[in-house]
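Visitor: Hello! I am new here, and I would like a friendly tour. Could you take my questions in turn?

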Amino acid sequence: MAQILPLAATAFDLALVVVGFGLIIVIHELGHFVAARWAGIRVFAFAVGFGPAVLSYRKGMGWRRGSSEADYRDRLADRGLTVHDEAPTDLSPTEYRLNWLPFGGYVKMLGQEDANPGATSHAADSYQNCHPAKRLVVISAGVVANVVLAAIIFMFVFMVGLRTEPPRLGMVASDGAAAEAVPLEPTTTEAGLKPGDTVLEIGGRAARSFNDLMLASAMAQPGKPIDVLVQRRGVDQPLAYQVVPRTSQTTGLQDIGVTPAQSNEIFDDAGDRAAFDRVMAMLGLEGVPPSATLVAARVGDEPLRDIDDAGLLVETFSSSHGKPVTLVFETETEQFEAVVEPRAQFQQAMVRMASGTQTPQTHVVGFTPVMAVGPLEATARGYEQGLREGDVFVRLGSLEYPSISAGIAEIRRNSGNTIPIVVLRDGESVELSASVTRAGQIGFIPDQTLDRTLVALPPKDVAQRSIDRAGLTVTAIDGTPVSSFADIRAALIAATRSAIAKGAGARVPFEVRLPWARGLEDATAATQQRSLELTADQVQALQDLGYAPPLGLLSAFRPAEFVLQAEGPIDAVRVGLAETHRVMLMTYLTFARLFQGSVKVEHLKGPVGIAHLGTRVADRGLIWLLFFMALISVNLAVVNFLPIPIVDGGQFLFILFEWVRGKPVPEAVQSIATVAGLLLIGAAFLVVTFNDIRNVFTGL
């Protein structure tokens with residue numbers, strides 16, 4: 001039952017999305033229908049859905065099960081008429097149909113078929129005999145209907161209120177664009193956006209939610225700075241910056257390297273208190289109950305600082321200098337304290353893989369940890385092949401003591417084959433043989449040996465080559481014994497502290513122990529004295545390393561949310577129209593960025609992707625689903641008005657050409673253009689559907 005309920009909820013959400021998407025198409029067709037009736041064009045059918053009719057209505061014949069079309073033609077034939085003759089006054093030519101497949105709808109007009117330019121008629125009330133000006137109205141009416149629908153939905157949404165993330169910054173990646181934002185005088189001289197900053201404007205537009213930040217970054221002109229205006233705690237006036245968005249290695253879109261703000265309230269236990277307590281203990285928050293509120297923090301013996309945003313913990317831990325941080329939580333009746341150890345930050349290099357993707361690699365001026373096996377369930381594929389949590393890879397395929405990036409690359413090179421493995425487990429060498437899936441996976445979560453000083457060869461992307469062979473164990477840095485990567489980091493920082501004041505490089509001696517001949521560490525193995533030559537820039541990068549909250553700590557807090565709501569009915573109209581206009585511009589801008597390369601084809605969504613995304617949005621409630629449908633309605637309007645022959649935009653150009661030239665575009669030209677349009681749309685549909693299905697199954 002526990003497994004059936006989520007599936008049922010997803011199926012219900014999917015049904016809502018499908019019905020909503022179908023209604024958007026029906027409204028589009030309704031626009032064409034109303035305009036056609038206004039223009040005096042004979043309409044044969046207005047249908048909701050596709051396929052055979054379930055129910056139909058025709059004036060003069062009433063309601064029918066199924067379609068009344070055959071009976072209508074028979075009655076006309078009895079009077080010596082056809083469907084192309086002038087319709088009798090007692091029988092309407094228009095059939096209103098409800099079809100079996102409720103996925104949209106269509107309008108059928110006399111003398112108009114998008115896919116068949118030759119389907120013309122010379123009747124007085126045919127599509128061809130209607131004045132071009134009126135036909136322009138008819139062909140545009142579907143797009144107008146979708147825009148009007150979106151505006152109405154947006155008005156309703158902002159009248160009721162949309163619960164979303166505020167335009168406030170949570171974490172700011174140290175290597176991201178936001179951290180390197182350039183201040184604009186005279187507002188500030190301090191570089192970089194900070195956690196807790198509230199963005200007032202970005203790219204010249206007001207930022208009303210965090211989504212506005214992400215959209216402005218993704219749609220920015222590649223390589224060009226965008227202006228950002230922020231309000232910072234403790235600063236009276238807004239601060240102005242310029243940021244150059246960068247392409248994210250995760251999404252492939254441009255961003256500025258920030259996350260949404262967190263609240264200061266812990267998540268609830270979701271009905272499983274035991275699992276909740278285990279997670280809290282892993283995060284160093286043992287004893288803190290569900291829904292507790294973080295109210296203060298203290299570094300070492302310093303005074304308590306008030307905390308109303310969990311994102312401020314980033315700055316608290318960063319300035320801790322490694323001292324423990326005490327967090328104070330409150331409930332309605334109790335107060336709790338938790339002492340949390342800061343996490344030492346290491347350097348990160350982005351290593352390019354053979355597939356073209358990049359993988360982060362941890363290191364400290366070239367000292368690189370060896371790949372190990374992370375948390376592993378007994379049901380995992382890797383466990384069944386003999387791997388265990390904590391195993392250290394001594395040999396993986398052709399590599400000895402691989403780094404995590406080199407190990408992943410070696411596994412992928414052996415996709416579909418069997419790979420020999422030797423791991424170090426509890427001081428013993430264990431030989432294994434594992435099969436690699438075609439997707440390049442053995443079935444475990446890679447980890448790194450940060451709790452020891454065993455080092456791998458640095459990747460090529462790491463300029464500093466601190467060692468010349470893998471499997472060495474670093475035993476001392478500048479005479480200071482080390483037993484973990486945190487120790488290596490601390491000893492290197494201490495050894496180069498005097499050099500930073502001079503702005504010079506440094507030479508740091510260190511000691512390594514050679515690996516045992518069979519690949520195992522041995523206390524009696526020979527040691528060697530070596531030295532590390534660091535440039536001034538490398539010394540600076542080393543000294544800039546700080547501290548951060550433990551991994552996963554911030555995820556224990558609920559995301560910050562607020563209700564984005566208009567101030568009244570008039571403001572709701574203004575906001576609704578403004579949002580419609582903004583989405584239209586962004587949709588057109590998406591196509592421009594597609595040609596510029598900052599937006600990729602795989603980022604576009606087809607029906608499968610829209611349905612998948614819609615089910616996730618529906619989980620956030622009805623208002624979010626309505627907001628999503630308004631977005632889809634605007635996008636449908638824009639796509640339909642592109643200058644492609646098979647869609648409304650292409651038909652609009654044909655009619656405009658006819659009006660100016662005085663005669664229609666030659667039928668042969670229309671046919672060729674229609675086929676080309678069909679091929680283009682068909683190819684685009686196949687590509688986006690393939691990407692949608694792949695993304696659904698890869699969890700992207």
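Visitor: Where is the place of Asp 648?

Guide: Welcome! Please keep in mind that this is a predicted model. Within it, the place of Asp 648 is in a helix that covers residues 648-661, namely helix H15.

Visitor: How far from Asp 648 is the nearest side chain of opposite charge?

Guide: Asp 648 is buried, and it has no salt bridge. A salt bridge would need a nitrogen of Lys or Arg within 4 Å of a carboxyl oxygen. The nearest side chain of opposite charge to Asp 648 belongs to Arg 135, and the distance is 13 Å.

Visitor: Which side chains make polar contacts with the side chain of Asp 648?

Guide: One polar contact, at 3.2 Å, joins the side chain of Asp 648 to that of His 32. Another, at 3.1 Å, is made with the side chain of His 28. The names to remember are His 32 and His 28.

Visitor: Leaving aside neighbours within four places in sequence, which residues is Asp 648 in contact with?

Guide: Both histidines from the polar contacts, His 28 and His 32, are on the list. So as to complete it, add Ile 139, Val 143, Asn 640 and Phe 641.

Visitor: Is Asn 640 buried or exposed?

Guide: Asn 640 is found in helix H14, residues 622-640. Leaving aside neighbours within four places in sequence, Asn 640 is in contact with His 28, Val 143, Val 647, Asp 648 and Gly 649. Its relative accessibility is 14%, and the cut-off for buried is under 20%. Asn 640 therefore counts as buried.

Visitor: Let us step back to the whole chain. What share of its residues is buried?

Guide: The chain holds 16 helices and 36 strands. Its accessible surface comes to about 35000 Å², with 59% of that belonging to carbon and sulfur atoms. Of the 700 residues in the chain, the buried share is 47%.

Visitor: Among contacts between residues at least 6 apart in sequence, what share joins residues at least 24 apart?

Guide: This share tells you how often such contacts link residues at least 24 places apart in the chain. Among contacts between residues at least 6 apart, the value is 68%.

Visitor: How many salt bridges does a search of the whole structure find?

Guide: One of them joins the side chains of Arg 395 and Glu 400 at 2.7 Å, N to O. Arg 395 is partly exposed at 31% relative accessibility, and Glu 400 is partly exposed at 44%. For the whole structure, the search finds 27.

Visitor: How many residues apart in sequence are the parts tied together by Asp 308 and Arg 233?

Guide: The side chains of Asp 308 and Arg 233 meet in a salt bridge of 3.2 Å, N to O. Asp 308 lies in the loop between strand S16 and helix H6, and Arg 233 in the loop between strand S9 and strand S10, so the pair ties together parts whose separation in sequence is 75 residues.

Visitor: Which helix holds both Asp 277 and Arg 273?

Guide: Their side chains meet in a salt bridge of 3.0 Å, N to O. Asp 277 is partly exposed at 34% relative accessible area, and Arg 273 is partly exposed at 39%. The two are 4 residues apart, about one turn of the helix, and that helix is H5.

Visitor: Which residues are linked with Arg 58 in a network of salt bridges?

Guide: The network includes another two arginines, Arg 73 and Arg 97. With the glutamates added, the residues linked with Arg 58 are Arg 73, Arg 97, Glu 69 and Glu 95.

Visitor: Which strand gives the largest share of the nonpolar patch?

Guide: This surface patch of about 830 Å² is made by Phe 50, Val 54, Leu 55, Trp 63, Leu 98, Trp 100, Leu 101 and Phe 103. Strands S1 and S3 each supply at least two of its residues. Leu 55, for one, lies in strand S1 and is partly exposed at 34% relative accessibility. The largest share, 4 residues, comes from S3.

Visitor: How far apart in space are Tyr 72 and Thr 82?

Guide: Tyr 72 is found in helix H2 and counts as buried at 2% relative accessibility. Its contacts beyond four places in sequence include Arg 58, Met 61 and Val 83. Tyr 72 and Thr 82 are 10 residues apart in sequence, and their C-alpha to C-alpha distance is 9.8 Å.

Methods: Residues are numbered from 1 along each chain as its sequence is written. This is a predicted model: local features need pLDDT of at least 70, side-chain atom pairs count only at pLDDT 80 or more; totals for chains, interfaces and linings use all residues. Side-chain values use heavy atoms; hydrogens and water are left out. Buried means under 20% relative accessible area, exposed over 50%, partly exposed in between (1.4 Å probe, protein chains only). Lys and Arg count as positive and Asp and Glu as negative; His and the chain ends are not counted. A polar contact is a pair of N or O atoms within 3.5 Å; within protein, one must be able to donate a hydrogen and the other to accept it, and residues adjacent in sequence count only if both atoms are side-chain atoms. Contact means heavy atoms within 4.5 Å. Accessible areas come from the Shrake-Rupley method with a 1.4 Å probe; for residues, only the protein chains shown count as cover. Patches are made of residues with over 30% relative accessible area and no salt bridge: like charges are joined within 9 Å, nonpolar side chains (Val, Leu, Ile, Met, Phe, Trp, Tyr) within 5 Å.
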